[in-house]
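Visitor: I would like to learn how to read the place where a protein meets a nucleic acid strand. Could you take me through one example?

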Protein chains: 2
Amino acid sequence: MSNQCESSNENCIGQLEKSIAVIGSKWTLLILRELSSGTKRFAQLQKSLKGISPKTLSLRLKELEKNKIVIKKIYPEVPPRVEYSFASRGESLKKILHDLYEWGAEPPDGEK
Amino acid sequence: MSNQCESSNENCIGQLEKSIAVIGSKWTLLILRELSSGTKRFAQLQKSLKGISPKTLSLRLKELEKNKIVIKKIYPEVPPRVEYSFASRGESLKKILHDLYEWGAEPPDGEK
DNA sequence: CTGAATCCATTCTGATACTG
DNA sequence: CAGTATCAGAATGGATTCAG
């Protein structure tokens, strides 16, 4: 029901843009790759993703969390401990990203 | 062969980023929607996409053309006439965008 | 008509320092 | 350890004007 994206539907474009904006930000794919190998903590991510600033990492994680792509788990301990992991929506996203990758890697084939 | 995007492969991320950058730019999706209903000329697109500047439209079309998503056909006439239409890569992209749309529209459902 | 050039506004990102 | 605040620089988009 109405999850078809037709020429006349403005709304679906907006939805699509939102989705692309989330996964299209710089670092997002790298973050997802890191998390795909398992739960990670903030400092771990920061270390793996050499060059990312804490601000950017924080922003990206916040967005990913808001979009239910990753799950943030806070342990009320001292020192503070926070873990990030894939949510189920993140898992289903992986397949799409894989398709998109294949699309991009596809040879231009018989042109000209 | 090697079109699997694994944790250890840096290269595939770059490819993915490139693809997302192309389709993720503002207006790109709108342009693709316009073209999905058939071949269009520059002025037609500019008129349909109310608010787009010729510069932006030109840039986006150039990128889409470079990535073989749309085809540019120039008629050596006076006044000049240029037509844009979907390439085959554009067609296969449509399916992926549809999947992505469905992913984005997917309800957060039973999490927790 | 097509689209390149220019200038300006807005947004995004990075580096660094600092707090709970 | 986790994350925010601040500021500067880069990248992106828009309006307008001009040219082939």
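Guide: A residue is near a molecule or strand if one of its heavy atoms lies within 4 Å of it. This is a predicted model, in which local features need pLDDT of at least 70 and side-chain atom pairs count only at pLDDT 80 or more, while totals for chains, interfaces and linings use all residues. Residues are numbered from 1 along each chain as its sequence is written, chains are lettered from A in the order in which they are written, and side-chain values use heavy atoms, with hydrogens and water left out.

Visitor: Of the atoms of DNA strand D within 4 Å of the protein, what percentage belongs to sugar or phosphate?

Guide: Sugar or phosphate accounts for 62% of those atoms, and bases make up the rest. On the protein side, 21 residues surround DNA strand D, and F42(A), A43(A), S58(A), K62(A) and K55(B) are the closest.

Visitor: Which residue has a polar backbone atom 2.7 Å from a phosphate oxygen of DNA strand D?

Guide: A polar contact is a pair of N or O atoms within 3.5 Å; within protein, one must be able to donate a hydrogen and the other to accept it, and residues adjacent in sequence count only if both atoms are side-chain atoms. Here the residue is A43(A), while a side-chain N or O atom of Y84(A) lies 2.8 Å from a phosphate oxygen of the strand, and one of T56(B) lies 3.2 Å from a phosphate oxygen.
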